[in-house]
Amino acid sequence: MTPHFEQRAGVRVFIHGGEPQQPRLLDCEVPASEELRVVLPLACNVAEGLLKVLAGRRYGSAVGRILCGGAAHLSYHRMVTTQDQQRPYDYGQAVVLDGYITFVSGALTVGRDAAGAPLLHCHAGFLDRDGQQHGGHLVLDRLIVGSEPLVLRLCLFDQVAYQVQPDAETHFNLLHPVFQEAS
Amino acid sequence: MNLAATQTESQVQSGRLGRLVVARLKPNEDIIDSAEALCASHGISLAVVRGGLGSLIDAELHYLGRSGMQDIHVPGPGVEILSLSGEIALGESRLQAVVADADGNIFAGRLQRGRNLSFITIELTLQEWLPD
């Protein structure tokens with residue numbers, strides 16, 4: 001199938017290259033969560049700092065928010081068009097920023113890769129030193145805390161994980177909720 | 001908007017957070033409709049958004065201005081969700097989002113029902129509110 005846009009009830013929809021798969025909502029229920037407030041210090045690599053915090057804890061996955069803080073260096077991606085007819089949109093080259101970056105928003109998922117190792121997915125909004133807004137897909141292993149500590153709130157849960165799996169409809173590897181034992 | 005317009009006294013409710021619903025929305029599914037469907041299927045009458053991350057085909061936000069609700073159209077595809085918050089209650093959900101377009105520009109507002117469709121995926125986690 002050739003990816004294309006259609007209109008349904010006045011709203012634009014996008015038909016991907018692969019066959020749509022049912023059901024359209026995938027979900028798992030978890031009885032309870034564990035809450036963490038994480039403060040990462042200046043010069044901390046955020047991916048390394050977060051994984052160190054989570055190491056040894058019993059959880060399947062986690063979701064959270066960037067509450068406040070700054071960065072000295074970061075790298076993020078925005079969506080661009082591609083020449084791939086089956087996957088006409090993808091993330092472009094990294095946009096790299098240095099110095100005096102202030103977070104204004106951010107969301108985080110701690111999923112699992114195919115081997116069960118933690119996998120970080122983060123989108124965030126921030127201002128650079130000139131007050132210019134930026135927002136997109138943040139690469140946490142290239143994010144260095146700066147100016148002030150970075151505060152995150154995490155909601156950990158077990159028995160269910162966001163596990164990366166290939167998606168036949170979009171041709172991306174995506175996080176899917178699955179039942180599994182905590183590790 | 002009706003709740004705020006008809007309520008004249010503050011209300012305080014004590015309670016706790018209960019079950020989590022950990023979900024993925026496939027392409028072309030609306031955030032509010034999906035969140036309400038998830039709550040209905042799990043027998044949850046009121047929930048809060050704990051996590052919302054993914055991308056939209058286009059974002060259709062709005063806010064209350066001097067002359068009623070004003071629309072904010074953020075063209076995509078690939079509008080990134082930077083944060084999602086709010087409450088889910090059948091037919092009365094109110095969700096706010098901060099999003100970024102493909103140039104990295106940031107927009108914020110209340111989500112319009114039925115008009116914010118998942119582009120590639122949305123990871124959505126809801127948690128039940130259990131009043132005492």
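**Exercise 1. How many residues of chain A are in contact with how many residues of chain B?**

Solution. The structure examined here is a predicted model. Begin by counting on both sides: 47 residues of chain A are in contact with 44 residues of chain B. Next, look at where the residues on the chain A side come from, and strand 3 of chain A turns out to give the largest share, six residues. Finally, sort the residues of that side by kind, which gives 23 nonpolar, 17 polar and seven charged.

**Exercise 2. Work out the strand order of the open sheet of nine strands, and find its edge strands.**

Solution. Reading across the sheet, the order is 3(A)-1(B)-8(B)-2(B)-5(B)-6(B)-7(B)-3(B)-4(B), and the pairing is antiparallel. The edges are strand 3 (25-30) of chain A and strand 4 (68-74) of chain B, each of which pairs on one side only. From one strand to the next, the twist averages 25 degrees.

Now take the pairs one at a time. Where the two chains meet in this sheet, strand 3 of chain A is joined to strand 1 of chain B by six bridges, with the strands running antiparallel, and Leu25(A) has Leu25(B) as its bridge partner. Within chain B, five bridges join strand 2 (residues 47-56) to strand 5 (residues 79-88), and here Gly54(B) is partnered by Ile81(B). Strand 3 (residues 59-65) and strand 4 of chain B share seven bridges, a hairpin of two residues leads from one to the other, and Gly65(B) stands opposite Gly68(B).

**Exercise 3. Describe how helix 2 of chain B is placed, and say which of its residues are buried.**

Solution. Helix 2 (residues 31-41) of chain B lies across strand 3 of chain A and several strands of chain B, among them strand 8 (118-131), to which the helix runs at about 45 degrees. The buried residues in this helix are Ile31(B), Ser34(B), Ala35(B), Glu36(B), Leu38(B) and Cys39(B). Just beyond the helix, Gly43(B) takes a positive phi of about 65 degrees.

**Exercise 4. Which residues have the most contacts inside the largest nonpolar core?**

Solution. This core has 72 residues, and those with the most contacts inside it are Phe157(A), Val22(B), Leu56(B), Ile81(B), Val99(B) and Leu126(B). Strand 13 (residues 150-157) of chain A supplies its largest share, six residues. To follow one member further, set aside the neighbours of Leu56(B) within four places in sequence: its remaining contacts include Ile81(B), Val99(B) and Phe119(B). As background, nonpolar side chains tend to be buried together in soluble globular proteins.

**Exercise 5. Locate the cis peptide bonds before Pro23(A) and Pro77(B), and then compare the surroundings of Gln159(A) and Asn28(B).**

Solution. The bond from Gln22(A) to Pro23(A) is cis, with omega near -5 degrees, and Pro23(A) is found in the loop between strand 2 (11-15) and strand 3 of chain A. In chain B, the bond from Gly76(B) to Pro77(B) is cis, with omega near 5 degrees, and Pro77(B) has its place in the loop between strand 4 and strand 5.

Turn next to the positive phi values in residues that are not glycine. Gln159(A) has a phi of about 75 degrees and is found in the loop between strand 13 and strand 14 (160-166) of chain A. Asn28(B), with phi near 70 degrees, belongs to the loop between strand 1 and helix 2 of chain B. Gln159(A) counts as partly exposed because it has 16 C-beta neighbours inside 10 Å, whereas Asn28(B), with 20 other C-beta atoms within 10 Å, is buried.

Methods. Residues are numbered from 1 along each chain as its sequence is written. Chains are lettered from A and ligands numbered from 1 in the order in which they are written. This is a predicted model: local features need pLDDT of at least 70, side-chain atom pairs count only at pLDDT 80 or more; totals for chains, interfaces and linings use all residues. Two strands pair if DSSP finds at least two bridges between them. Helices (H or I, at least four residues) and strands (E, at least two) are DSSP runs, numbered from the N terminus. Axes are lines fitted to C-alpha atoms, for helices over the stretch in contact, and angles run from 0 to 180 degrees between N-to-C directions. Two residues are in contact if their C-beta atoms, placed from the backbone, lie within 7 Å. Ala, Val, Leu, Ile, Met, Phe, Trp, Tyr, Cys and Pro count as nonpolar, Asp, Glu, Lys and Arg as charged, and the others, Gly among them, as polar. A nonpolar core is a set of buried Ala, Val, Leu, Ile, Met, Phe, Trp, Tyr and Cys residues joined through C-beta atoms within 7 Å. A residue is buried if 20 or more other C-beta atoms lie within 10 Å of its own, exposed if 12 or fewer, and partly exposed in between; C-beta atoms are placed from the backbone.
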